[in-house]
Amino acid sequence: MLPVIALIGRPNVGKSTLFNRLTRSRDALVADFPGLTRDRQYGFGKQGPVPYLIIDTGGVAGGEEGISELMAEQTVTALKEADVAIVMVDGRSGRTAADEYVASLARQHAKQTWLVANKAEGLDPDIVGSEFHALGIGEPVSISAAHGDRVAALMDEVLAPFVATADGDSDKDDAEEKATRIAIIGRPNVGKSTLVNRLLGEERVVVYDQPGTTRDSVAIPFERNGKHYVLIDTAGVRRRSRVHETIEKFSIVKALQAMEKAQVVLAVIDAQEGVTEQDVSLMGLCTERGRALVVVTNKWDGLDSDQRRHVREALERRLPFLDFAERMTISALHGTGVGDLLPAVERAYRAATRDMSTVELNKALADAITAHPPPMVRGRRIRLRYAHQGGRNPPVIVIHGNQTEKLPDAYQRYLINYFRKVFKLKGTPVRMAFKTSD
Ligand code: GDP
Ligand code: GDP
């Protein structure tokens, strides 16, 4: 499971600053997602080998002095979903009533708490410590989110308990396991449960709908056309046997946890509702995490041709960062198109795990450069010398050269698209990393 960290604290202590620092693109990886605006509240970070999910409760309205009711609610929700809470205070201003309130929420709801005094550049940690010790949630770790002081050391400590679990990385399992792991992701009511029913067949309903199956996700193996699959099913997706059973509150964290365990995501959109903000951020997060993906537009039945055109346009306009993925239109209710999904999953998975030989990559790089050379920077041409594969699922292409940090985004996208075409990388995000050797 991906460790989940909640950043909590009164407004203005620096939560968003830390969030941005932790989720900023790591390892100079370039992702080919034009049009993807980072979701403000959820992001992925990585500390050494440990990827984690971070929830920022900043950006929620609330005055400097107090915590609004909405903010308290957001905070409690985040604390319940998180494995670790980072309670942030402002090391420069004294302890406030709002800090005490946040600390009390952490004491009640957090599984593990770290107290962090931010803006501590140039401050004496002992003095900061004596000020915030009284919050009763331990000694504060002094950091500066803005300058980056002691941030990495803090995250090392916070994530230390999760290192062991991260070691068995999914890449290893990929090669060993025959089954392709699939997660069905989408906001409530788009038709996920209906689709699960369609994919699995009705006889499964009884088995997996037993009361007491309340774990966050279950893995349901099934077989189709001689191929093995495992469906990662979250509580929110699990079919509701009774019509009036309450619809569980939508949890982005659970959806992302399911995605984390999967190799391919079926990202479901409701054609009758169109593309919503929630769709955009959910799919953006999947893409950011590097998951192979098939875009499934459900409830295609009952739409006339005008409406269908509208939906297609909305997909282009609002989800441009998903242009790498295959798009399928289905009716989970009637079964139309559902038979095409698993072959698309297979294609996406094959692309995501494709091995690209160094020889082929270098030929593709040379061809791309010949067709369209990189620009000059202050009279010097940026040189891209050679390429090799740096990872799979998602594929990472490492390019060595000089001045690569000056390579314009447009040229990077050109290269990614070139590699996409040559290696038929449809259905998976592709990343590039540059190594400068001058
Ligand atoms: P949030 O409301 O908790 O998300 O706080 P923000 O991240 O928006 O930060 C509030 C203010 O504190 C901004 O003006 C930041 O530039 C500033 N700030 C954040 N981190 C630091 C820091 O480490 N040192 C100093 N001096 N200021 C910081
Ligand atoms: P979930 O919350 O994403 O699991 O969505 P459900 O599978 O519970 O479906 C929500 C509602 O949409 C139900 O009333 C379904 O009958 C309906 N629905 C699901 N798929 C389709 C479809 O393909 N076409 C139409 N017209 N309705 C559908």
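In this predicted model, pLDDT stays under 50 over residues 167-172. That stretch has 3 contacts beyond four places in sequence. A second stretch, residues 209-215, also has pLDDT under 50 throughout. The model gives residues 209-215 5 contacts beyond four places in sequence. Where pLDDT is low, the predicted coordinates should not be read in detail. Over the protein chain as a whole, the average pLDDT is 85. A score of at least 70 is reached by 84% of the residues. For the complex, the predictor reports an ipTM of 0.88. The corresponding pTM is 0.85.

The largest nonpolar core comprises 116 residues. Val-87, Ile-185, Ala-267, Leu-293 and Val-294 have the most contacts inside it. Helix H13, spanning residues 341-352, supplies the largest share of this core, with 8 residues. The surroundings of Leu-293 were examined beyond its neighbours within four places in sequence. Leu-293 is in contact there with Val-264, Val-265 and Ala-267. Its further partners are Cys-286, Leu-322, Ala-325, Ala-348 and Gly-427. Ala-267, one of these partners, is itself among the core residues with the most contacts.

Ligand 2 is surrounded by 16 residues. Gly-191, Lys-192, Ser-193, Thr-194 and Leu-333 come nearest to the ligand. Helix H8, residues 192-200, contributes 3 residues, the largest share of the shell. By character, the shell divides into 5 nonpolar, 8 polar and 3 charged residues.

Backbone geometry was considered next. Most residues other than glycine have a negative phi, and most peptide bonds are trans. The loop between strands E16 (383-391) and E17 (396-402) contains Pro-394. The peptide bond from Asn-393 to Pro-394 is cis, with omega near 5 degrees. Asn-393 lies in the loop between E16 and E17. Its phi is positive, at about 55 degrees, although Asn-393 is not a glycine. Asn-393 counts as buried because 20 other C-beta atoms lie within 10 Å, and the cut-off for burial is 20 or more.

Arg-378 also has a positive phi, near 45 degrees, and is a residue other than glycine. Arg-378 sits in the loop between strand E14 (376-377) and strand E15 (380-381). Arg-378 has 6 other C-beta atoms within 10 Å. The limit for an exposed residue is 12 or fewer, so Arg-378 is classed as exposed. The two positive-phi residues thus fall into separate classes: Asn-393 is buried, whereas Arg-378 is exposed.

Terms used
Residues numbered from 1 in each chain as written. Chains lettered and ligands numbered in written order. Predicted model: local features only at pLDDT ≥ 70, side-chain atom pairs only at ≥ 80, totals over all residues. pLDDT = per-residue confidence, 0-100. Contact = placed C-beta atoms within 7 Å. Core = buried A, V, L, I, M, F, W, Y, C linked by C-beta atoms within 7 Å. Helix = DSSP H or I, 4+ residues; strand = E, 2+ residues; numbered from the N terminus. Near = placed C-beta within 6 Å. Nonpolar A, V, L, I, M, F, W, Y, C, P; charged D, E, K, R; others polar.
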